[in-house]
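Dear colleague,

Please find the structure below, handed over for your consideration. A summary of what was found in it follows.

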Amino acid sequence: MKKNKTAELFFVLLILAVMSVGIFILQNGMEKLQNVKQQSVYVPETRDLYNNYGLKNDQSLSKTKILETQDQVLYTDRIFNINQISEEHISYASDILKALQKKSGKDTYIMPIPERAVFESGYENENEKYSDFTEKLESSFADPSVVLNPLSELEKHQSEYLYFRTENSWTMRGAFYGAQVILGELGYDKENLDAYREYVFGTFEGNLLLEALKKYTTDEIKKDIGNMEQEPFYIYINGSSLNREELTLENKEGQLKTLKRQMIQFNSSGSHAVIGSDYEHSIVEGRGKGQRKGNLLLIADARGKMMISYLSEIFEKVYVSNIYEDADLIQNLDEILEKYNIEYIVWAQDVTETGNISYMRALNPLLKEGGMSDVGTDP
């Protein structure tokens with residue numbers, strides 16, 4: 001009896017051992033299978049959901065037009081302005097730059113920034129108007145190189161997402177190629193966009209779309225505008241960037257206040273994410289990769305400031321003056337040039353506003369009323 005019981009006990013223990021090994025192997029196998037499943041599921045980054053038009057699902061730009069007016073074109077996926085470049089503004093722009101050159105004594109440049117229409121099929125005359133504007137502006141200077149024309153550089157990359165579909169501005173990618181034109185003219189090595197980190201944290205509706213919703217009241221047109229796909233805001237910033245600025249703006253009481261904050265706001269979108277909108281000026285801390293002593297004064301509108309992520313890589317400091325708001329720039333110019341060791345000045349603004357007195361508050365004090373120079377340049 002003892003031998004039988006011992007045999008039975010041994011047999012039971014053997015079965016339990018085999019079952020334990022089996023359970024262990026099964027559990028291990030299931031874990032590996034789950035890991036394989038997890039690794040095989042690809043969840044795309046937000047930035048990978050959009051193509052070079054800022055559209056999802058490999059869509060091409062729409063050929064369906066909602067409306068065309070004298071100064072604007074609306075397709076079902078984009079809005080852009082037309083017929084707004086005026087050669088009447090060239091003379092004033094030229095006089096302003098000459099006055100700025102004389103007052104500052106620095107290497108001074110002007111960049112009229114082209115709008116989206118220059119690349120739109122069927123609107124080639126917008127490209128011609130831009131080229132005519134810049135050529136005539138160049139001819140007003142003894143040294144035409146003071147006029148920086150980014151069009152040819154942009155044309156090399158026009159298959160990329162260079163311009164927003166619903167915001168009247170180039171993207172940070174488009175601004176990158178504009179910055180390359182500046183760096184090339186100043187004798188610096190050009191930057192490599194692959195060295196910059198690319199982020200997309202969300203989508204937005206641009207100013208052209210929001211204004212159109214208010215402007216056009218017909219129900220059908222309003223519905224088509226409202227159905228436009230939102231677009232992503234791609235941020236490009238070097239991983240070593242300090243991303244710091246000292247921003248001066250006017251508070252509700254009309255007093256100036258200064259904030260130390262990030263140059264690029266990752267919780268915002270469109271041109272508002274870069275430096276901000278309603279500011280007077282900003283002192284951006286750079287990395288100084290250019291290894292020169294002098295710094296840059298950038299007098300810019302909402303499009304021009306989009307280049308700051310790249311320009312701040314080269315200079316130790318970039319003083320950014322808001323051409324719309326910085327009324328004290330010329331009054332304080334000598335102090336700014338000395339304090340921030342400014343070597344170069346670049347005026348970058350939308351071509352449709354360049355030379356238009358209504359959009360140049362920061363520079364208008366250079367000339368007296370009637371177009372005569374306030375600093376002794378030829379009228």
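Which strands does helix H2 (residues 90-104) lie across? Helix H2 lies across E4, E10 and E12, and runs at about 155° to E4. Contact here means heavy atoms within 4.5 Å. Helices (H or I, at least four residues) and strands (E, at least two) are DSSP runs, numbered from the N terminus. Axes are lines fitted to C-alpha atoms, for helices over the stretch in contact, and angles run from 0 to 180 degrees between N-to-C directions.

Please note that this is a predicted model, in which local features need pLDDT of at least 70 and side-chain atom pairs count only at pLDDT 80 or more, while totals for chains, interfaces and linings use all residues. Residues are numbered from 1 along each chain as its sequence is written, and side-chain values use heavy atoms, with hydrogens and water left out.

The strands under H2 belong to an open sheet of seven strands with mixed pairing, in the order E4-E12-E10-E11-E9-E7-E8. Two strands pair if DSSP finds at least two bridges between them. Strand E4 (107-113) and strand E8 (256-262) stand at the edges with a single partner strand each, so one side of each is left without a neighbour in the sheet. On average, neighbouring strands of this sheet are turned by 20° against each other, direction ignored. Within the sheet, strand E10 (residues 295-300) pairs with strand E12 (residues 342-350) in the parallel sense over six bridges. Leu 296 stands opposite Tyr 344 in E12.

H2 also packs against helix H3 (residues 124-138), at an angle of about 45° and with the axes 10 Å apart. The two helices are therefore oblique to each other (under 35 degrees counts as roughly parallel, over 145 as roughly antiparallel, 65 to 115 as roughly perpendicular and the rest as oblique). Ile 90, Ala 93 and Ser 94 of H2 make the contact with Phe 133, Lys 136 and Leu 137 of H3.

A second open sheet has three strands in the order E1-E2-E3, with antiparallel pairing. Its edge strands are strand E1 (65-68) and strand E3 (79-81), each pairing on one side only. Three bridges join strand E2 (residues 72-75) to E3, and Leu 74 stands opposite Ile 79 in E3. Helix H6 (residues 207-215) lies across E2 and E3, running at about 90° to E3.

Yours sincerely
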